[in-house]
Amino acid sequence: MAKDTVTITDNVTGKTVELPIYHGTQGPAAVDISRFYSELGYVTYDPGFQSTASCHSSITYIDGQQGVLQYRGYPIEQLAEKSSFLEVAHLLLYGELPKQEELVGFTRNITRHTMINETLKNFYNGFNHDAHPMAIMVGVVGSLSAFYHDALDIRNPQHREIAAHRLIAKMPTIAAACYKHSIGEPFVYPRNNLSYCGNLLNMMFSVPCEEYVVDPVAERALDLIFILHADHEQNASTSTIRLAGSSAANPFACVASGIAALWGPAHGGANEAVLHMLDEIGSVDNIPKYIEKAKDKNDPFRLMGFGHRIYRNFDPRATLIRKMCHEVLTKLGKQDDPLFELALKLEEVALNDDYFKERKLYPNVDFYSGIIYKVLGIPTNMFTVMFSIARTVGWVAQWMEMIGDPNQRIARPRQLYDGAAKRDYVQVDRR
Ligand code: CMC
C-alpha cells in the first residue's frame, strides 16, 4: 500500500532495512517501524512520543505550526461559530454532520440516558464532602462498569454505540452530583427538555425549593467551551484510554482512566491551576516577580495556561475562547473584574518577554476557560470536571474507532532498560 520507502543502514552491522512510508490526507507522513526490531534488533526510543504516531485516526487533525484544528475535516472556527455541542458530538462519533432528523434522533438517544442508577448515588457517600470532584469522577465513572458489564460485548458495534451514548449522557449528571455532594445539597434529576449544557447548569445550580432559569449567556458559553474541548487527537488522556481499551477493558473503566490522566496540571488540570496561579500572583504589581520565577530553572513554578506540546504559534482554541471571554464578561457586566485585568496583563507581559517568545509559549485554551468558568459561578475545583464532560465525546469516538479497527492489537510499548545487570541473590545477613 505504501509507495514510498525510507532505507536505514546500520553503520555497526552494515545491515539495511527498507521501511514503508504512509501518507495521510494531511500532516506529516509516517514511517512504519514495526519491523525495526525483527529486522535490525533495535527498539526505537522516543520519550514523550515527540515523533511517534501511536495509531492512525480519521477523527481530528491538528497542525501545530499553523494553529489548525479540524474535527473530521471541519475547521474548529466554523464549528464554534455555527454548530452546537451535540451536533459536534455526532460529527466526532459518526464522521458526518447530522441531517436534521439524525440530529433529532441523536439528541433523543442522548437525553434518554441522562439518569443514573439510584444505587450509583451511594458511591458519593463514600467520599468526604471535601474530596476533590475529579477523584469522585474517577470513582463514580469507573463504577459504571459494574452496572453495565455483563450486558456489554465490546465486539458488537451496537453495544459500543450504546456505551458511548450512555457515557456522553451521564457525564453531566455525574459531574453535577459531585458538586451537589461537596456543598451538601440534594442531587437534581436531569431535565430532558433542556439543552445539554442547560441541563448541566440546572443540575448544578437549581434547588428543589426555588425556581431556576438557565441563563442563555452561560448556556451558550458552556456549549462553545465544550465544542472547543470535545477532542484533541492523541493527547495524554485519549492515549491513556486507547492504551487501556486496547486490552479489551470495559469502556466505562477506560474512561475513568482517561479522567485520571486529564486531572494532571500539565493537561486538563491546567484550567484549575490557572486560577490558583492568578490568586497567588494576587495583583498586577507582582507579575514581574512571577514571570522571573517561571523563567528560573531552579524554581518549579510555571506559568499555567501557557505552552503546548503541539501548538507552536498559537492555539486556535485560545483565539476563539479569548474572544468569547471578552463577550461573556461584557454581557455579564464583569469586564472590570480584577481577576480578568490581572490575566490580561499577565498575558501581555509574557507575550512580550524573550523567554516565552523564543520557546514559542503562548496562552493555551485553559488560560481563558478558567476565567469564563469563574464568572459563570462554577467553583474552581470543578473546572477540570467540566473539561472531562466535553472530552468524553472525543474519548468515546477514539475508543470506538480503535475497537472497530479489525487490525487492532493490544498496545505494548518497549523500553530501553538501564537498571542493574544480572546479579545473584545475597542472603539478608550478608548484605
Ligand atoms: N512556563 C514556563 N516555562 C515553560 C512553560 C510554562 N508554562 N511551558 C514550557 N516551558 C519551557 C520549559 O521549561 C522548556 O524550557 P527549556 O527549553 O529552557 O528547558 C521549554 O519551555 C519547553 O517545555 P517542555 O516542558 O519541554 O514542553 P512540553 O511540550 O513537554 O510541555 C506543556 C507542554 C503544556 C506540558 C508545558 O508547556 C506546560 O507545562 N504548560 C503549563 C501547563 C498547561 O497550561 N497545560 C495545558 C495544556 S493545553 C490543555 C490540554 O491540552 O490539556
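This is a short tour of a predicted model, stop by stop, with a selection to make at each one.

**Stop 1: the N-terminal strand**

Select Val-6. This residue sits in strand 1, which covers residues 4–9. Val-6 is partly exposed, with a relative accessibility of 26%. Now show what surrounds it. Setting aside residues up to four places away in sequence, Val-6 touches Val-17, Glu-18, Leu-19, Ile-21 and Val-31. Then add Lys-374 to the selection. Val-6 and Lys-374 are 368 residues apart in sequence, and their C-alpha atoms are 51 Å apart in space. Lys-374 will come up again at a later stop.

**Stop 2: a glycine between two strands**

Go to Gly-73. Look for it in the loop that links strand 5 (68–71) to strand 6 (74–75). Its relative accessible area is 44%, so Gly-73 is partly exposed. Select Gln-26 as well. The two residues are 47 places apart in sequence, yet 9.7 Å separates them in space, C-alpha to C-alpha.

**Stop 3: the cysteines**

How many disulfides does the structure hold? The count is zero. Select Cys-55 to see one cysteine outside any disulfide. The nearest cysteine sulfur belongs to Cys-254, and it is 15 Å away. For a disulfide, the two sulfur atoms would have to be within 2.5 Å.

Stay on Cys-55. Its loop runs between helix 1 (36–40) and strand 4 (60–63). Is Cys-55 buried, exposed or partly exposed? At 25% relative accessibility, Cys-55 is partly exposed. Its contacts, leaving aside neighbours within four places in sequence, are Gln-234 and Arg-242. For a longer view, add Val-328. That residue is 273 places along the chain from Cys-55, with 38 Å between the C-alpha atoms.

Now select Cys-209. Here the relative accessible area is 66%, so Cys-209 is exposed.

**Stop 4: a buried proline**

Select Pro-190. Where is it? Pro-190 is in the loop between helix 7 (157–183) and helix 8 (196–205). With a relative accessible area of 14%, Pro-190 counts as buried. Show its contacts next. Beyond the neighbours within four places in sequence, Pro-190 is in contact with Thr-114, Met-115, Thr-173, Asn-199 and Met-203. Then add Tyr-45. Pro-190 and Tyr-45 are 145 residues apart in sequence and 48 Å apart in space, C-alpha to C-alpha.

**Stop 5: two positive phi angles**

A word on the backbone before the next selection. Most residues other than glycine have a negative phi.

Select Glu-233. Its phi is positive, at about 40°, although Glu-233 is not a glycine. Find this residue in the loop between helix 9 (216–229) and helix 10 (236–245). Glu-233 is partly exposed, at 21% relative accessibility.

Jump to Lys-360. Its phi is also positive, near 55°. Lys-360 lies in the loop between helix 16 (354–358) and helix 17. The relative accessible area of Lys-360 is 35%, which makes it partly exposed.

**Stop 6: the nonpolar core**

Select Leu-222, Phe-226, Met-277 and Leu-303. These residues have the most contacts inside the largest nonpolar core, which has 119 residues. Which helix gives the most to this core? Helix 18 does, with 14 residues, so colour residues 383–403 to find that helix.

Keep Met-277 selected and show what it touches. Apart from neighbours within four places in sequence, Met-277 is in contact with Phe-301, Arg-302, Leu-303, Met-304, Leu-346 and Phe-367. Hold on to Leu-346 and Phe-367 for the last stop.

**Stop 7: a helix pair**

Packed helices are described by the angle between their axes and the distance between the axes.

Select residues 338–351, which form helix 15, and residues 365–375, which form helix 17. The two helices pack at an angle of about 170°, with their axes 11 Å apart. Angles over 145 degrees count as roughly antiparallel. Helix 15 and helix 17 are therefore roughly antiparallel to each other.

Show the side chains where the pair meets. From helix 15 come Leu-339, Phe-340, Ala-343, Leu-346 and Glu-347. From helix 17 come Phe-367, Tyr-368, Ile-371 and Lys-374. Leu-346 and Phe-367 are the residues to highlight again here, since both are also in contact with Met-277. What kinds of residue make up the contact of helix 15 with helix 17? Seven are nonpolar, none is polar and two are charged.

Notes:
Residues are numbered from 1 along each chain as its sequence is written. This is a predicted model: local features need pLDDT of at least 70, side-chain atom pairs count only at pLDDT 80 or more; totals for chains, interfaces and linings use all residues. Side-chain values use heavy atoms; hydrogens and water are left out. Axes are lines fitted to C-alpha atoms, for helices over the stretch in contact, and angles run from 0 to 180 degrees between N-to-C directions. Helices (H or I, at least four residues) and strands (E, at least two) are DSSP runs, numbered from the N terminus. Angles under 35 degrees count as roughly parallel, over 145 as roughly antiparallel, 65 to 115 as roughly perpendicular and the rest as oblique. Contact means heavy atoms within 4.5 Å. Ala, Val, Leu, Ile, Met, Phe, Trp, Tyr, Cys and Pro count as nonpolar, Asp, Glu, Lys and Arg as charged, and the others, Gly among them, as polar. A nonpolar core is a set of buried Ala, Val, Leu, Ile, Met, Phe, Trp, Tyr and Cys residues joined through side-chain atoms within 4.5 Å. Buried means under 20% relative accessible area, exposed over 50%, partly exposed in between (1.4 Å probe, protein chains only).
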